[in-house]
Amino acid sequence: MFSRTVKSLRPLVTRAFSSSASAEMKRMKQMLRYYNEMLNESMYLEESLPRSFSSIEQFQSYTRNHKFTDENTDLEGLNKVIMEPVWHMIDRGGKRWRPIICVLIAEAFGYSLKDIKEVAALCEIIHNGSLIVDDIEDSSQYRRGQKCLHLIYGLDWAINAGNFMFFAPMKHILDSRRIPESKKLSLTKIYMDEMMSIHFGQGWDILWRRPEYIRNNVPNEEQYLQMVALKTGVLTRMASRMTCHLLDLDTHTSSCLYNFTQKLGMAFQIQDDIVNLSEPEYFKGKGTRAEDISEGKISLIVIHCLNNCTAEQRNRLIDILCMNTTDQKIIDEALKILNSTKSIEYAQTLASTMIKDAWKGIEDILPNGEAKNNIYSLSHFMVSRTT
């Protein structure tokens, strides 16, 4: 049973859409809070990934290659080097919108969290693992208002913990007695397909930050969209593919939902790049203003600016991006160039259009009801949020 606090939010979640943007944003935050409390009370993450190995038997459920130690197996050491940093990251929170979209899809077709909780956990755990690795690759300093894990535990522990998070939740799915054996091979194929895609997208993203490459190889808008479709859109797409497969939804419905959730992830990334450069609340969580400039990130905003600024501005912006500077005056100079071409506004328009087009693809296949309304609201929240 859910707590009284969670139940009390239900009327707020079902309230009719408000014409006021601020009222709708408030409603969305209440909805996210409601579903986050639901997810937390279900212990869906802990069921997929224990907070610690409390016994040899529990450890052996994760590896069959346990031959040389028994009672003297160093579980305390494993808990310190793997489970502690893993849960340090997960417990920082986040919007948890990826598992929420899994639940909303299930609810739209008459199912609930219990029918897809393994997939809801998988996408959230993998996402958090990717953040640990991404922060290392970007040399980031802060994540969710705290120092990045590699600055707390060291590069070696952080890489190992992040990579562990890519595999552990899939192991839980394969070991699940609730999921039919006939579905596990297909789920594994989906997982392998999309995890490969994530690394292709990340590969382009980090390649484009190398000064020796980017000076002569600035990607165009189509190449950027392909990169972000793989890097960010794919994890949400994987979650929806697995959810649809578990629920036995028909091919057409499933395909429409795959496309919608991938575009949702893409729009989320574009909005993330926007708030990184423009929103004070986001700066607080990152610990620095316009961190993407310091990292030399080639975002849609940057690509649009490079295609529309003067030759002098183009050369200067590329120079700044290649510096990896933390000098705020130089960063502000780059922001001034980006603002001169209204590139942030361009990215905002493209993200909003992407969401509208994506919604058209599923509007007629989703049954009318609360879940459909919440999916609609969540999709528009992705491109209106300021953190």
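Let me start with the lining of the largest cavity in this predicted model. The residues around that cavity are Asp205, Tyr224, Met227, Val228, Lys231, Gln269, Asp273 and Lys297. Two elements give two or more residues each to this lining, namely helix 12, residues 221-247, and helix 13, residues 251-278. Helix 12 has the largest share, with 4 residues. Sorted by class, the lining comes out as 3 nonpolar, 1 polar and 4 charged residues.

How many cavities of 30 Å³ or more does a search of the whole structure find? The search finds 1. The volume of the largest cavity is about 30 Å³.

Next, the largest pocket. The space in the largest pocket comes to about 1,100 Å³. Its lining has 44 residues, and the closest to the centre are His127, Leu131, Arg143, Phe268 and Asp272. Which helix gives the largest share of this lining? That is helix 7, with 10 residues. Helix 7 covers residues 113-138. Other elements that supply at least two residues each include helix 6 (97-108), helix 14 (280-286) and helix 15 (291-295). Helix 12 and helix 13, which we met at the cavity, also supply at least two residues each to the pocket lining. By class, the pocket lining divides into 22 charged, 13 polar and 9 nonpolar residues.

Now to helix packing. Two packed helices are described by the angle between their axes and the distance between those axes.

Take helix 9, residues 155-175, and helix 10, residues 181-207. Their axes cross at roughly 170 degrees and come within 10 Å. Angles over 145 degrees count as roughly antiparallel, so helix 9 is roughly antiparallel to helix 10. On the helix 9 side, the contact is made by Phe166, Phe167, Met170, Ile173, Leu174 and Asp175. Helix 10 brings Lys184, Leu187, Thr188, Tyr191, Met195 and His199. The classes here are 8 nonpolar, 2 polar and 2 charged residues. Both helices also appear among those that supply at least two residues to the pocket lining.

The other pair is helix 16, residues 300-308, and helix 19, residues 343-360. Their axes are 8 Å apart, and the packing angle is about 125 degrees. Helix 16 and helix 19 are therefore oblique to each other. The crossing of helix 16 and helix 19 is right-handed. From helix 16, Leu300, Ile301, His304 and Cys305 meet Ser343, Ile344, Tyr346, Ala347 and Leu350 in helix 19. This contact has 7 nonpolar and 2 polar residues, and no charged ones.

Notes
Residues are numbered from 1 along each chain as its sequence is written. This is a predicted model: local features need pLDDT of at least 70, side-chain atom pairs count only at pLDDT 80 or more; totals for chains, interfaces and linings use all residues. Side-chain values use heavy atoms; hydrogens and water are left out. On a 1 Å grid over the protein atoms alone, a cavity is a set of points where a 1.4 Å probe fits but cannot get out, and a pocket is an open set with protein on both sides within 12 Å along at least five of seven lines; lining residues have an atom within 4 Å of a point. Grid points are joined across faces, edges and corners, and a volume is the space filled by probe spheres set on the points. Ala, Val, Leu, Ile, Met, Phe, Trp, Tyr, Cys and Pro count as nonpolar, Asp, Glu, Lys and Arg as charged, and the others, Gly among them, as polar. Axes are lines fitted to C-alpha atoms, for helices over the stretch in contact, and angles run from 0 to 180 degrees between N-to-C directions. Angles under 35 degrees count as roughly parallel, over 145 as roughly antiparallel, 65 to 115 as roughly perpendicular and the rest as oblique. A crossing is left-handed if the near helix is turned anticlockwise from the far one by less than a right angle, and right-handed if clockwise. Contact means heavy atoms within 4.5 Å.
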